[in-house]
Amino acid sequence: MISGILAKTMMNLQNNPSAKPSVLMLGLALLVVYIVWGTTYLALNIGMTEMPPLLMNASRFVVAGIIMLGIARLRGNAWPTLPQLKAAALVGVLMVSLAMVLVMYAQKMGVGSGLMATVVTTMPMWLALWTRLGGEQVPGRAWAGLALGVCGASLLALEGDFSASVLASLCAFGAPLCWSLGSYASKKLSLPAPAMAAGFEWLMGGCIALVIGLAFESPEQMLNAGAKAWWAWLYLVGFGTLITLNAYLWLLRNTSAALAGSYAFVNPAVALLVGVILGGEQLTGWVFLALPLIFVALGLIMMARPVSEESHWSAPASGESAKSV
């Protein structure tokens, strides 16, 4: 039932690129990104017990990209022009190839879970910075909310290991930087229809990541993985990419950078709750300080939409087209 609701939400977002977003659509997209990406931490851990991490992630995006291109063509979407193809390739390289590969290398070089979880929360801060440098106003409440969100997520990560070498730390910090640049580029560049854009971004980014993975990892290990790891991989393809990444790309076009990026400090909280429910993990005292900070952060961000966007948020799903990815 839940999977059907998520799939329907993704299809509604992709089928209505010309409709101005309603509060309900925004709320559903945010819930999908918050909840599903929070559960992918567990899926990644399960998959990486038997699969090489680089090949696992690269193949996930290649397959999702092919499926998305098939969906785009069934809908009658035109093939992209050369400038659109170059724009999609840039977004794919930044978000899929560089960001994902840097995360995996950072983890392989010993970056602790605490440091990695904390560094990832800087992504919406970077995204808000690029938005401001691009000439758009980012309200003070949004900056305050982002800062509180980072603090809250950092408290959740205090149980992890914060030790890392200089090179590993650079990889860790480079990942959210690349993801934020790709996110901002997807808001500004001229791209083809939503499904076509997503398909080419994932396929091209995944292919480059696949070449890197093949240079360092064994495909035999991937093929010989057990059923549990493959189920985790399928979850990442279907829910983590086809449904949730589409919802995130849609949010980037239809709401503020701060709100779209707020998943970065909500996901660790969701992951923690999943670990308690499914993994038998124990809550520490830090959680009860961190969660209120995250809730206050979300409240500040949601109240911080610019005055010029008030009518955009409350408008009915009709009228002039709103560009989306």
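This is a short dialogue on reading one predicted model.

Biologist: Start with the overall make-up. How many helices and strands are there in the protein?

Modeller: The model is predicted, so keep that in mind throughout. The protein has 15 helices and zero strands. Of its 325 residues, 52% are buried.

Biologist: What share of the contacts comes from residues 24 or more positions apart?

Modeller: Count the contacts with a separation of 6 or more: residues 24 or more positions apart account for 91% of them.

Biologist: Now the interior. Which residues have the most contacts inside the largest nonpolar core?

Modeller: A core is built from buried nonpolar residues joined through side-chain atoms within 4.5 Å. Here the largest one has 91 residues. Those with the most contacts inside it are Trp179, Trp202, Leu245, Tyr248, Leu251, Tyr263 and Phe265.

Biologist: Which helix gives the most to this core?

Modeller: Helix H11, residues 227-254, with 14 residues. There is also a second, separate core of five residues. Leu54, Ala58, Val101 and Ala209 are among them.

Biologist: Take Phe265. What is Phe265 in contact with, leaving aside its neighbours within four places in sequence?

Modeller: Its partners include Thr121, Pro124, Gly145 and Leu146. Further along the chain they include Ile294, Ala297, Leu298 and Ile301.

Biologist: On to charges. How many salt bridges does the count come to?

Modeller: One. A salt bridge needs a side-chain nitrogen of Lys or Arg within 4 Å of a carboxyl oxygen of Asp or Glu. The pair is Lys188 and Glu136, at 2.7 Å, N to O. The two residues are 52 apart and link distant parts of the chain. Lys188 lies in helix H8, residues 166-188. Glu136 sits in the loop between helix H6 (123-133) and helix H7 (140-156).

Biologist: Are Lys188 and Glu136 buried or exposed?

Modeller: Between 20% and 50% relative accessible area, a residue is called partly exposed. Lys188 has 44% relative accessibility, so it counts as partly exposed. Glu136 has a relative accessible area of 28%, so it is partly exposed too.

Biologist: What about a charged residue inside, such as Arg60? Where is Arg60 found?

Modeller: In helix H3, residues 53-74. Arg60 is buried yet has no salt bridge. The nearest side chain of opposite charge, Glu201, is 13 Å away.

Biologist: Which side chain makes a polar contact with the side chain of Arg60?

Modeller: That of Thr241, at 2.8 Å. Not counting residues up to four places away in sequence, Arg60 also touches Leu44, Trp233, Leu236, Val237 and Gly240.

Biologist: How far does H3 reach from its first C-alpha to its last?

Modeller: Compare the span with 1.5 Å a residue. H3 has 22 residues and reaches 32 Å, close to the 32 Å expected. Just after H3, Gly76 takes a positive phi of about 90°.

Biologist: And a small polar residue? Is Ser97 buried or exposed?

Modeller: Buried means under 20% relative accessible area. Ser97 has 2%, so it is buried. Ser97 is found in helix H4, residues 82-108.

Biologist: What does the side chain of Ser97 reach?

Modeller: The backbone oxygen of Gly205, at 2.6 Å. Beyond its neighbours within four places, Ser97 is in contact with Gly92, Met204, Gly205, Ile208 and Ala209. Ala209 belongs to the second core.

Biologist: Last, Ala227. Buried or exposed?

Modeller: Ala227 is in helix H11. At 54% relative accessibility, Ala227 counts as exposed. Ala227 and Glu50 are 177 residues apart in sequence, but 9.9 Å apart in space, C-alpha to C-alpha.

Technical notes
Residues are numbered from 1 along each chain as its sequence is written. This is a predicted model: local features need pLDDT of at least 70, side-chain atom pairs count only at pLDDT 80 or more; totals for chains, interfaces and linings use all residues. Side-chain values use heavy atoms; hydrogens and water are left out. Buried means under 20% relative accessible area, exposed over 50%, partly exposed in between (1.4 Å probe, protein chains only). Helices (H or I, at least four residues) and strands (E, at least two) are DSSP runs, numbered from the N terminus. Contact means heavy atoms within 4.5 Å. Lys and Arg count as positive and Asp and Glu as negative; His and the chain ends are not counted. A polar contact is a pair of N or O atoms within 3.5 Å; within protein, one must be able to donate a hydrogen and the other to accept it, and residues adjacent in sequence count only if both atoms are side-chain atoms. The expected span of a helix is 1.5 Å times one less than its number of residues.
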